[in-house]
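Trainee: Could we walk through this model together, one piece at a time? I will ask, and you can show me how you reason.

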Amino acid sequence: MKIKVEQLEQVTIVIPIGDIDALTASEVAAFLDSQLKEGGNQLVADLSQVGYMSSAGLRALLATLKEARHQKGDFRLAAVQANVQQVLDMSGFSGIFQVFPTVEAAAASFGD
Amino acid sequence: MSKRWELTVDGHCENLATIADFVTEAAQAWGLNEKATFEVQMAVDEACTNIIEHGYRGERRGKITLCCECADDDFVVTIRDNGQPFDPEAIPPPDLTCRLAERPCGGLGLYFMRQLMDEVRFHFDAEGNELTMIKKIS
Amino acid sequence: MEITTRQLKRVDVVTVSGRVDSAAAPRLEEALKAIVDANRFRICLDLKDLEYISSAGIKVLISFLKTCKRWNRGDLRLANMSPYITEVFDLAGLTSLFQLYPSIVDAVGSF
């Protein structure tokens with residue numbers, strides 16, 4: 001799976017491209033984990049190019065969130081598509097994650 | 001009139017995309033709207049993921065057979081496999097309100113299936129496991 | 001001739017209706033080219049409303065069949081061929097070249 005990464009000052013933006021399901025979830029989790037290990041504990045997932053996420057994807061996001069907070073940082077979500085928002089709502093994850101309409105807003109939220 | 005489609009694939013994650021496309025086309029052929037089609041496709045994805053990861057323990061040990069058909073106003077998906085059976089009653093629905101540290105990671109797939117489909121029925125016997133999921137066409 | 005294209009997870013479904021004559025064949029070519037240019041090589045054609053296809057149209061299909069099958073990266077499969085179109089394909093010796101399916105659902109599942 002193609003995953004891009006960009007830096008917005010102190011915030012690391014991870015951009016997965018494609019579906020996050022049982023086939024790709026562990027790859028995404030491993031990538032996010034490697035970003036946290038490299039020291040950036042302010043992490044944002046730009047989900048504008050993720051058209052579908054199953055519970056396998058949610059587990060990957062949850063694991064990353066737990067680790068980021070354990071490192072005294074956070075992991076926030078941005079630009080979520082409608083299908084994925086439905087999944088976040090159904091699972092109650094929209095109450096656990098901070099979700100922003102744009103990557104800029106998500107990155108800026110770390111300054112609060 | 002009744003139309004029926006059947007697909008058998010190896011129980012591996014690489015086949016989840018083909019399974020999704022197959023179910024999507026079958027749903028569209030029966031005139032399910034976009035939202036219902038997405039919900040059916042996702043429920044099937046979760047069901048097959050469970051079969052692959054738990055039933056076959058991710059070891060590519062078996063096949064998955066899917067059957068899509070329409071009966072009256074119901075779009076019925078039947079999924080058969082020969083993996084480890086399980087007790088669906090033994091999996092509690094996830095507690096959606098508990099705090100982060102306490103959120104367990106399991107049970108979400110089954111929960112989604114029940115949320116997305118109108119009926120979810122399991123049957124286990126010596127021949128194998130059979131899951132029937134129904135979406136009402138309205 | 002009308003063409004609609006849908007992108008699924010693994011395959012693209014192209015529905016071709018009406019008449020594919022030499023005037024319309026370039027549009028079919030364009031639609032298929034858009035898919036392979038996006039690096040997607042698993043294509044299912046739904047031909048249930050195809051009334052007529054000329055040799056120009058057949059040339060396009062063969063060309064893209066070759067493109068899709070190159071390096072085993074994909075295939076171009078056909079669904080819902082009417083008896084008339086099947087006859088045309090038989091006469092042109094093509095039915096052995098293409099994988100044919102009774103429905104688009106079966107074609108999509110074959111990938």
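Trainee: Which residue in β2(C) does C:Glu2 stand opposite?

Mentor: Good place to start, and keep in mind that this is a predicted model. β1(C) and β2(C) run antiparallel and are joined by 6 bridges, and a hairpin of 4 residues connects them. Within that pairing, the residue in β2(C) opposite C:Glu2 is C:Ser17.

Trainee: How many of the 6 residues of β1(C) are buried?

Mentor: A residue needs 20 or more other C-beta atoms within 10 Å of its own C-beta to be called buried. β1(C) is hardly covered by that test, and its count of buried residues is 0.

Trainee: Which residues of α1(C) are buried, and how are they placed around the helix?

Mentor: What covers the buried residues of this helix includes β1, β2, β3 and α2 of chain C. Looking down the axis of α1(C), the buried residues fall within an arc of 85°, so they line one face. On the face turned away from the buried side are the exposed residues C:Pro26, C:Glu30 and C:Asp37. The buried ones are C:Ala25, C:Leu28, C:Leu32 and C:Ile35.

Trainee: What is the distance between the end C-alpha atoms of α1(C), and what span should we expect?

Mentor: The helix covers residues 25-37, which is 13 residues. At 1.5 Å a residue, those should span 18 Å. The end C-alpha atoms agree with that expectation, being apart by 18 Å.

Trainee: Which residue with a positive phi follows α1(C)?

Mentor: Look just past the helix for a backbone phi near 65°. The residue with that positive value is C:Asn39.

Trainee: Now chain B: how many of the 14 residues of α1(B) are buried?

Mentor: This helix is mostly covered. The buried set includes B:Leu16, B:Ile19, B:Phe22 and B:Val23, along with B:Asp21 and B:Glu25. What covers them includes β1, α2, β2 and β3 of chain B, together with α4 (104-109) of chain C. The count of buried residues is 11.

Trainee: At what angle to β2(B) does α1(B) run?

Mentor: The helix lies across β1, β2 and β3 of chain B. Its end C-alpha atoms are 20 Å apart, in agreement with the 20 Å that its 14 residues should span at 1.5 Å a residue. Relative to β2(B), the helix runs at about 10°.

Trainee: And which residue with positive phi follows α1(B)?

Mentor: The phi to look for is near 80°. It belongs to B:Gly31.

Trainee: Which strands of chain B stand at the edges of the sheet?

Mentor: The order of this open sheet of 5 strands is β1-β2-β3-β5-β4, with antiparallel pairing. Neighbouring strands are turned by 15° against each other on average, direction ignored. An edge strand has a single partner, so one side of it is left without a neighbour in the sheet; here that applies to β1 and β4 of chain B.

Trainee: What is the bridge partner of B:Val76 in β5(B)?

Mentor: β3(B) and β5(B) run antiparallel, joined by 8 bridges. In β5(B), the partner of B:Val76 is B:Ile134.

Trainee: Which strands are at the edges of the chain A sheet?

Mentor: Chain A has an open sheet of 5 strands in the order β1-β2-β3-β4-β5, and its pairing is mixed. Each edge strand has a single partner, so one of its sides has no neighbour in the sheet; the strands in question are β1 and β5 of chain A.

Trainee: In which sense do β2(A) and β3(A) pair?

Mentor: One place to look is A:Thr12, which stands opposite A:Leu43 in β3(A). The two strands pair over 3 bridges, and the sense is parallel.

Trainee: Which element gives the most to the side of chain A that touches chain B?

Mentor: This contact takes 16 residues from chain A and 19 residues from chain B. On the chain A side, α2 and α3 each supply at least two residues. By class, that side has 8 nonpolar, 5 polar and 3 charged residues. The element that gives the most, with 7 residues, is α2(A).

Trainee: Last one: how many nonpolar residues are on the side of chain C that touches chain B?

Mentor: That contact takes 11 residues from chain C and 11 residues from chain B. The chain C side also has 2 polar and 3 charged residues, and its nonpolar count is 6.

Technical notes:
Residues are numbered from 1 along each chain as its sequence is written. Chains are lettered from A and ligands numbered from 1 in the order in which they are written. This is a predicted model: local features need pLDDT of at least 70, side-chain atom pairs count only at pLDDT 80 or more; totals for chains, interfaces and linings use all residues. The expected span of a helix is 1.5 Å times one less than its number of residues. A residue is buried if 20 or more other C-beta atoms lie within 10 Å of its own, exposed if 12 or fewer, and partly exposed in between; C-beta atoms are placed from the backbone. Two residues are in contact if their C-beta atoms, placed from the backbone, lie within 7 Å. Ala, Val, Leu, Ile, Met, Phe, Trp, Tyr, Cys and Pro count as nonpolar, Asp, Glu, Lys and Arg as charged, and the others, Gly among them, as polar. Two strands pair if DSSP finds at least two bridges between them. The arc is that of the directions from the helix axis to the C-beta atoms. Axes are lines fitted to C-alpha atoms, for helices over the stretch in contact, and angles run from 0 to 180 degrees between N-to-C directions.
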